[in-house]
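Reader: I'd like to go through this model's side-chain contacts with you. Can we start by putting it on screen?

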Amino acid sequence: VWARKAHTLITRISIRKKDVIRLFPDLIKPNVIHSASQDKLIHSYDLRTDKKVILHQARNGNLCDMTQRKDHEYELITCGMNTPIQFWDIDVTDPVDYIDYPYKLQSIQISPSGTYLALGSETSEVNLSEVRLRM
């Protein structure tokens, strides 16, 4: 992690065994960084305390992409090969919900409203899926 103005290294986080596929700051807590990698792991790391917040692990398949909900619980959403679309809460280790999808998904992105998921699949198609709130 690099300091924006000083252009100096702040900290190095070496907790991966395979390539990182997505990395971004949390929408609500910018001091928390979320990362997903091809080793099926999703880390949330607090830069302020220099500690891991939570570790999620997909049980099957390989992760290919991750996004974060902009409504409701601000959950992380992952997609990949031989794995469903999974919803991860920062307070719970296991997925809180999932959507089965028949194809390998290369990319996933939530709409600004948090209503739709854009899915890029191995079939070279872009699909839109409505995300329903769970109460």
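Reader: What is the relative accessible area of R69?

Author: Some ground rules come before the number: this is a predicted model, where local features need pLDDT of at least 70, side-chain atom pairs count only at pLDDT 80 or more, and totals for chains, interfaces and linings use all residues. Residues are numbered from 1 along each chain as its sequence is written, and side-chain values use heavy atoms, with hydrogens and water left out. Buried means under 20% relative accessible area, exposed over 50%, and partly exposed in between (1.4 Å probe, protein chains only). R69 is buried, and its relative accessible area is 0%.

Reader: Which residues are joined with R69 into one salt-bridge network?

Author: Take a salt bridge as a side-chain nitrogen of Lys or Arg within 4 Å of a carboxyl oxygen of Asp or Glu. R69 forms one with D71, the closest N and O atoms being 3.1 Å apart, and another with E75 at 3.4 Å, N to O. D71 is buried at 18%, and both E75 and R69 are buried too. Through shared partners, the network joins R69 with D71 and E75.

Reader: How many salt bridges does a search of the whole structure find, and how far apart in sequence are the parts tied together by D65 and R22?

Author: The search finds 4 salt bridges. In one of them, the closest N and O atoms of D65 and R22 are 2.8 Å apart. D65 sits in strand β5 (residues 62-68) and R22 in strand β1 (residues 20-25), strands being DSSP runs (E, at least two residues) numbered from the N terminus, so the pair ties together parts that are apart in sequence by 43 residues.

Reader: Is D65 buried or exposed, and what does R22 count as?

Author: The two ends get separate labels here. D65 has a relative accessible area of 4%, so D65 is buried. R22 has 31% relative accessibility, so R22 counts as partly exposed.

Reader: Which geometry does the Y101 and Y103 ring pair have?

Author: Rings of Phe, Tyr and Trp (its six-membered ring) pair if their centres lie within 6.5 Å; planes under 30 degrees apart are stacked, over 60 edge-to-face, and the rest tilted. A search of the whole structure finds 1 aromatic pair. Y101 is partly exposed at 22%, as is Y103 at 39%. With ring centres 6.2 Å apart and planes at 70°, the Y101 and Y103 pair is edge-to-face.

Reader: How many disulfides are there?

Author: A disulfide needs a pair of cysteine sulfur atoms within 2.5 Å. The sulfur of C64 has its closest cysteine sulfur in C79, 6.1 Å away, which is too far for a bond. C64 is partly exposed at 21%, while C79 is buried at 0%. The disulfide count is 0.

Reader: Which strand gives the most to the largest nonpolar core?

Author: A nonpolar core is a set of buried Ala, Val, Leu, Ile, Met, Phe, Trp, Tyr and Cys residues joined through side-chain atoms within 4.5 Å. The largest one has 10 residues in all, including C79, F87, L117 and V131. At least two residues of this core come from each of β6 (76-81), β7 (85-88), β9 (105-110) and β10 (116-121). The one giving the most, with 3 residues, is β9.

Definitions and conventions. Helices (H or I, at least four residues) and strands (E, at least two) are DSSP runs, numbered from the N terminus.
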